[in-house]
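These are my notebook entries on a single structure. I set down what I looked up, entry by entry.

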Amino acid sequence: MPIETIHPVILCGGSGTRLWPLSRQSYPKQFARVFGGTSPFQETVERLAASGFAPPVVVTGAEFRFVVAEQFGEIGRAAGRILIEPAARNTGPAILAAAMFLAKEDPEALLLVCPSDHVIADGAAFRAAVQAGMAAAREGRLVTFGIVPTRPETGFGYLELEAPLGNGAAEAGAARAMPLRGFVEKPDAERAAALVADGQHLWNGGIFLFTAAAILAAFEAHQPALVGHVRRALAGAQSDLAFCRLDPAAWEAVADISVDYAVMEKVENLAVVPLAGGWSDLGSWDAIAREMEADGQGNTLAGLARALDCEGSLLRSESGDQVLVGLGLRNIAAIAMKDAVLVADLAQSQRVGEAVALLRAEGMAQATGFPRCHRPWGWYEQLARGHRFQVKRIMVHPGGILSLQSHVHRAEHWVVVEGTARVTIGEEVRLVTENQSVYVPLGEVHRLENPGKVDLHLVEVQSGSYLGEDDITRHEDAYARR
């Protein structure tokens with residue numbers, strides 16, 4: 001494949017803490033409809049679906065593999081190649097694995113590494129900046145993209161240029177690769193103001209362009225042990241449906257290290273392309289507020305949220321039937337979901353991770369679990385729970401098939417609300433249509449399928465002595481789940 005073809009590598013991990021409760025460990029922010037419509041992951045895929053770009057390689061965790069595939073399908077894009085990390089090990093190993101994976105086909109493959117949870121308002125300007133960095137990347141340089149800062153920011157690292165950036169140097173059509181002097185750690189407020197004022201520093205956007213050979217050489221020079229472990233993980237990888245699952249035993253020895261610490265801060269063949277305007281890493285609720293349209297009092301509202309005598313506040317109702325009203329608030333973030341509510345000073349919103357840590361330490365499910373649980377066949381969410389019973393709403397995509405399973409402790413009642421279900425109970429297989437119901441006795445082997453062309457919606461009532469999700473014995477599974 002010619003070197004002019006750019007191979008996007010989309011990093012799709014994350015702990016899901018910074019936008020809690022909308023984003024959680026089981027469903028991090030790149031998949032959430034932060035602004036309605038499409039997710040940041042889908043916007044990233046669309047931004048890179050242009051002439052000169054190959055289908056992407058996505059690096060993600062096993063728990064997200066079906067969400068990634070589903071979100072590709074929702075925007076009508078064929079899923080690229082999906083590498084499955086057995087455990088999260090930061091950006092260094094993820095990028096190294098993708099580079100090795102692509103180098104097997106072409107050692108001179110040109111890689112564009114992008115996080116999946118950033119917003120870039122002007123896709124054309126971004127692609128122009130990428131084009132501006134290609135010559136330097138072909139020469140063997142490791143190219144990073146620096147964001148022209150619009151304010152002092154303590155939540156980002158900075159990139160130091162060899163000389164101040166001239167006016168308009170980052171505009172579309174004028175962007176070019178420049179020498180990079182070095183990296184600056186996240187500063188305090190006073191230092192951040194000085195970095196922005198001197199015109200010689202950019203935000204570190206975590207976006208990179210290089211050939212597979214160049215980045216592999218950097219890792220071999222500075223992280224030889226890491227190279228060996230990742231190479232073994234890739235050599236022992238197994239195909240799992242449409243996914244490439246890295247070897248778990250080899251991956252266990254892989255260090256948790258960012259690409260900056262691993263190689264970027266150690267190499268000398270660096271270049272940077274400035275990128276101006278319209279970028280956000282969506283790293284906090286105040287960052288979300290800056291991306292939303294505000295009313296005359298500076299409030300940003302979403303869903304059934306209303307503001308009375310409020311100023312500079314972010315109010316979001318994330319449930320379709322939940323009303324959130326703010327009264328007399330100043331610079332407050334209030335995010336309401338069915339199972340959790342966050343109320344915070346917007347200026348303190350980067351500390352949300354501390355709240356998540358507190359909830360996790362107390363064993364609260366809301367710390368990590370999302371109310372809607374996504375599965376390869378669709379999703380389910382809990383509607384009600386009480387002593388010896390639980391009610392769920394279930395959606396199955398057309399063609400979706402739940403595993404052939406049984407339960408030791410519970411029976412189930414299914415009521416079809418929309419669509420048609422094919423139900424297996426024991427030796428019997430039958431169709432159940434709208435407004436019909438079926439009973440699954442405790443211990444009986446059963447399966448649910450959607451044979452139709454529209455989504456299947458049903459209500460499930462579970463009853464029994466134990467209702468945990470681990471009370472499932474899978475006899476067959478179309479998605480190779482263990």
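Is Glu 469 buried, partly exposed or exposed? I looked up its relative accessible area, which is 35%, so I record Glu 469 as partly exposed. I note at the outset that the model is a predicted one.

**Entry 1. Salt bridges**

I began with the partner of Glu 469. The side chain of Glu 469 meets that of Lys 392 in a salt bridge, at 2.3 Å from N to O. The pair connects distant parts of the chain, 77 residues apart. Lys 392 belongs to strand β22 (residues 389-396), and Glu 469 to the loop between β29 (456-464) and β30 (473-476). I then looked up the accessibility of Lys 392: the value is 4%, which is under 20%, so Lys 392 counts as buried. I therefore enter this bridge as one between a buried lysine and a partly exposed glutamate.

I next turned to Arg 447. Its salt bridge is with Glu 476, and the closest N and O atoms are 3.3 Å apart. Arg 447 is in strand β28 (residues 446-449) and Glu 476 is in strand β30, so this pair ties together parts that are 29 residues apart in sequence. Arg 447 has 17% relative accessibility and so counts as buried, whereas Glu 476, at 44%, counts as partly exposed.

A third pair is Glu 428 and Arg 430, whose side chains meet in a salt bridge at 3.3 Å, N to O. Here I find Glu 428 partly exposed at 43% relative accessibility, and Arg 430 partly exposed at 35%.

I also looked for a linked group, and found Glu 160, Glu 162 and Arg 181 in a network of salt bridges. How many salt bridges does a search of the whole structure find? I record 23. As a general remark, side chains of opposite charge can pair when their charged atoms come close.

**Entry 2. Backbone geometry**

I searched the backbone with a general expectation in mind: most residues other than glycine have a negative phi, and most peptide bonds are trans. Three places were entered as departures.

The peptide bond between Trp 20 and Pro 21 is cis, with omega about 10°. Pro 21 is in the loop between β1 (6-12) and α1 (40-47).

Leu 241 is a residue other than glycine with a positive phi, near 55°. I located Leu 241 in the loop between β10 (238-240) and β11 (243-245).

Leu 282 also is not a glycine, yet has a positive phi of about 50°. This leucine is in the loop between β13 (279-280) and α10 (285-291). Is Leu 282 buried or exposed? Its relative accessibility is 0%, so I record Leu 282 as buried.

**Entry 3. Strands**

I followed one open sheet of four strands, in the order β14-β16-β18-β19, and noted that the pairing is mixed. Which strands stand at its edges? They are β14 (300-302) and β19 (341-345); each has a single partner strand, so one side of each is left without a neighbour in the sheet. On average, neighbouring strands of this sheet are turned by 5° against each other, direction ignored.

Within the sheet I looked at the pairing of β18 (residues 332-336) with β19, which is antiparallel over five bridges. Ala 334 stands opposite Val 343 in β19.

I then examined a hairpin, formed by β20 and β21 with two residues between them. Strand β20 (residues 372-375) pairs with β21 (residues 378-386) in the antiparallel sense, over four bridges. The bridge partner of Arg 375 is Gly 378 in β21.

**Entry 4. Surface**

I looked for nonpolar side chains on the surface and found a patch formed by Leu 304, Leu 308, Val 323, Val 325 and Leu 327. Together these residues have about 470 Å² of accessible area. One of them, Leu 308, is in strand β15 (residues 305-308).

My last query was Lys 186, in the loop between β8 (178-184) and α5 (189-197). Its relative accessible area is 58%, so I record Lys 186 as exposed. Leaving aside neighbours within four places in sequence, Lys 186 is in contact with Thr 154, Gly 155, Phe 156 and Gly 157. I also checked Lys 186 against Leu 270: the two are 84 residues apart in sequence and 20 Å apart in space, C-alpha to C-alpha.

Terms used: Residues are numbered from 1 along each chain as its sequence is written. This is a predicted model: local features need pLDDT of at least 70, side-chain atom pairs count only at pLDDT 80 or more; totals for chains, interfaces and linings use all residues. Side-chain values use heavy atoms; hydrogens and water are left out. Patches are made of residues with over 30% relative accessible area and no salt bridge: like charges are joined within 9 Å, nonpolar side chains (Val, Leu, Ile, Met, Phe, Trp, Tyr) within 5 Å. Accessible areas come from the Shrake-Rupley method with a 1.4 Å probe; for residues, only the protein chains shown count as cover. A salt bridge is a side-chain nitrogen of Lys or Arg within 4 Å of a carboxyl oxygen of Asp or Glu. Buried means under 20% relative accessible area, exposed over 50%, partly exposed in between (1.4 Å probe, protein chains only). Two strands pair if DSSP finds at least two bridges between them. Axes are lines fitted to C-alpha atoms, for helices over the stretch in contact, and angles run from 0 to 180 degrees between N-to-C directions. Contact means heavy atoms within 4.5 Å.
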